[in-house]
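Colleague: I would like to go through the labels attached to this model and hear what each one rests on. Please set the value against the cut-off each time.

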Amino acid sequence: MEQELNQFLEKELWIFPVVTILITLAVNRLIHWFLAWRLRNLQPGRHVWRHALVTSIDAPLRTAVWLSSLTLMRQKMMPRGTQPLADHFVSPALGILAIIILVWFLLRFAEQSKNNYLFHIRNRNQETDETAIDALNKMAWAFVLIFASISILQQLNVPLASLLAFGGAAGIAAGFAAQTLVANLLGGLTIYASRIFKIGEDIIFPGTNLAGTVQNIGWRATRVLGWDGKPLYVPNSLFNSSNMVNHSRLSHRMISEHLLLRYEDYGKVRAIIEDGNRFLNERSNLKYFVFRFNQFGDGALKLLLYAWVQTEPAGAFVPYAEFMRAKEELLLGLADIALAHGCTLLLPVSSVYLHAQDHGAQLLEPGVFNPETPLPQQRTPLR
């Protein structure tokens, strides 16, 4: 019976491919139906790994079924040894396709696992280091791609010893030719290893216009969304050669301002400083402060306020809006204390005092003339 079937198939060669294709279509349909049924019972936020496995294996598995059918048809229609040219090209091609399908599945699984894990963490309102997760995902990609490259070279019968020897010499030449690219790759590895910042944090390069929120850390460059809304692509090598400030890890913000009083109010300075320090000491959002008389200025007495503003509880990041509100309350509170003692606040400008006898003008206050007394037409220029 089996011999008769083989003789029939040898005469009617078209029957075997048709039957194989029909069986492959049926198997693919069953696989798709089964995986879709399983996927309906899985949630990415609860079944992180199972959902990632089912989602990522669907297309690669069905492609692998087709590849198995092609291999079976090739063995039936062109047995090994009968077609040397086919053996030389087709067998390695099928092996390379199998490697590509496996790599396709592994990369999909790594990416879907990362997305599911982040979704799981966000649903639980838990804090996570997205930079570390992104680094693990990139390491998985690199490992899979290196594995795929070595496997494909083995399928092509390339001796690894010769490849490594050639790669050593070529690597030196390529290193000199691509110093910038290598520096960027090392800079990216440095970011992941030292964790000087992570995705979502604000960074500043002092002395430049580079400032914004980190959106993505790539192999060559880091994408930063500038505070003006413009995306910036910063080469990773810059982080190894330039100073950078991680603005999101500030423990406090600094205030350094002067309160200017008239020299006529000198006798009230001590009382203002005493009341001002009492006012500042009652503030719970100040980590450190100094409010003292600082210097005899050219046109005013200068009282210095130097303070570190922190959030409540202490140690957390100080948002800019909260800092400006605290600064406003401090400055206006100290100004109210000075006004309550009968002082007059001055602008940070220079005042010019003119003698009334020389110019015929009556002086009401320093720098203020009586509008009823006209100035002379001929005036001597001030030098």
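Colleague: What makes R278 and E274 about one helical turn apart?

Modeller: This is a predicted model, so what follows describes computed geometry. R278 and E274 are separated by about one helical turn because they sit 4 residues apart in helix α9.

Colleague: Why is the contact between R278 and E274 called a salt bridge?

Modeller: The N to O distance between the two side chains is 3.3 Å. The cut-off is a Lys or Arg nitrogen within 4 Å of an Asp or Glu carboxyl oxygen, so the pair R278 and E274 at 3.3 Å qualifies. As general background, side chains of opposite charge can pair when their charged atoms come close.

Colleague: Which other residue forms a salt bridge with R278?

Modeller: D275, with the closest N and O atoms 2.8 Å apart. That value is within 4 Å, so R278 and D275 also count as a salt bridge. R278 and D275 are 3 residues apart in helix α9, again about one turn.

Colleague: Are R278, E274 and D275 to be called buried, partly exposed or exposed?

Modeller: Buried means under 20% relative accessible area and exposed means over 50%, with partly exposed in between. R278 has 43%, E274 has 49% and D275 has 23%. Each value falls between the two limits, so R278, E274 and D275 are partly exposed.

Colleague: Which residues are joined into one network by salt bridges that share partners?

Modeller: R262, D265 and K268. Within that network, the side chains of K268 and D265 meet at 3.8 Å, N to O, and 3.8 Å is within the 4 Å limit, so this pair counts as well. The structure holds 9 salt bridges.

Colleague: Why is D265 called buried and K268 partly exposed?

Modeller: D265 has 2% relative accessibility, which is under 20%, so D265 is buried. K268 has 29%, which lies between 20% and 50%, so K268 is partly exposed.

Colleague: What makes L185 and V182 eligible for a nonpolar patch on the surface?

Modeller: A patch residue needs over 30% relative accessible area and no salt bridge. L185 has 33% and V182 has 37%, so L185 and V182 pass the area limit. Leu and Val are also among the nonpolar side chains that the patch rule accepts. L185 lies in helix α7, residues 179-194, and V182 lies in helix α7 too.

Colleague: Which residues form the patch?

Modeller: L181, V182, L185, L186, L189 and W219, with about 510 Å² of accessible area together. V182 and W219 are 37 residues apart along the chain, and their C-alpha atoms are separated by 9.9 Å.

Colleague: Which members of the largest nonpolar core touch the most other members?

Modeller: L261, I272, F291, L303 and L305, out of 22 residues in that core. Two or more residues each come from β6 (253-261), α9 (269-281), β7 (286-296), β8 (301-309) and α10 (320-340). Helix α10 gives the most, with 6 residues. L303 touches, among others, L259, L261, I272, F291 and F293, leaving aside residues up to four places away in sequence. In general, nonpolar side chains in soluble globular proteins tend to be buried together.

Colleague: How do you know that β3 and β4 pair?

Modeller: Pairing takes at least two bridges. Strand β3 (residues 221-226) and strand β4 (residues 231-235) are joined by 5 bridges, so β3 and β4 pair, and they run antiparallel. One of these partnerships sets V224 against L232 in β4. The hairpin of β3 and β4 has 4 residues between the strands, and G229 takes a positive phi near 90° there.

Colleague: What makes β4 and β5 edge strands?

Modeller: The open sheet has 5 strands in the order β4-β3-β2-β1-β5, with antiparallel pairing. Strands β4 and β5 (245-246) each pair on one side only. Strand β5 is joined to β1 (residues 202-204) by 2 bridges. The limit is at least two, so β1 and β5 count as paired. The partner of I204 in β5 is V245.

Notes. Residues are numbered from 1 along each chain as its sequence is written. This is a predicted model: local features need pLDDT of at least 70, side-chain atom pairs count only at pLDDT 80 or more; totals for chains, interfaces and linings use all residues. Side-chain values use heavy atoms; hydrogens and water are left out. Patches are made of residues with over 30% relative accessible area and no salt bridge: like charges are joined within 9 Å, nonpolar side chains (Val, Leu, Ile, Met, Phe, Trp, Tyr) within 5 Å. Accessible areas come from the Shrake-Rupley method with a 1.4 Å probe; for residues, only the protein chains shown count as cover. Buried means under 20% relative accessible area, exposed over 50%, partly exposed in between (1.4 Å probe, protein chains only). A nonpolar core is a set of buried Ala, Val, Leu, Ile, Met, Phe, Trp, Tyr and Cys residues joined through side-chain atoms within 4.5 Å. Contact means heavy atoms within 4.5 Å.
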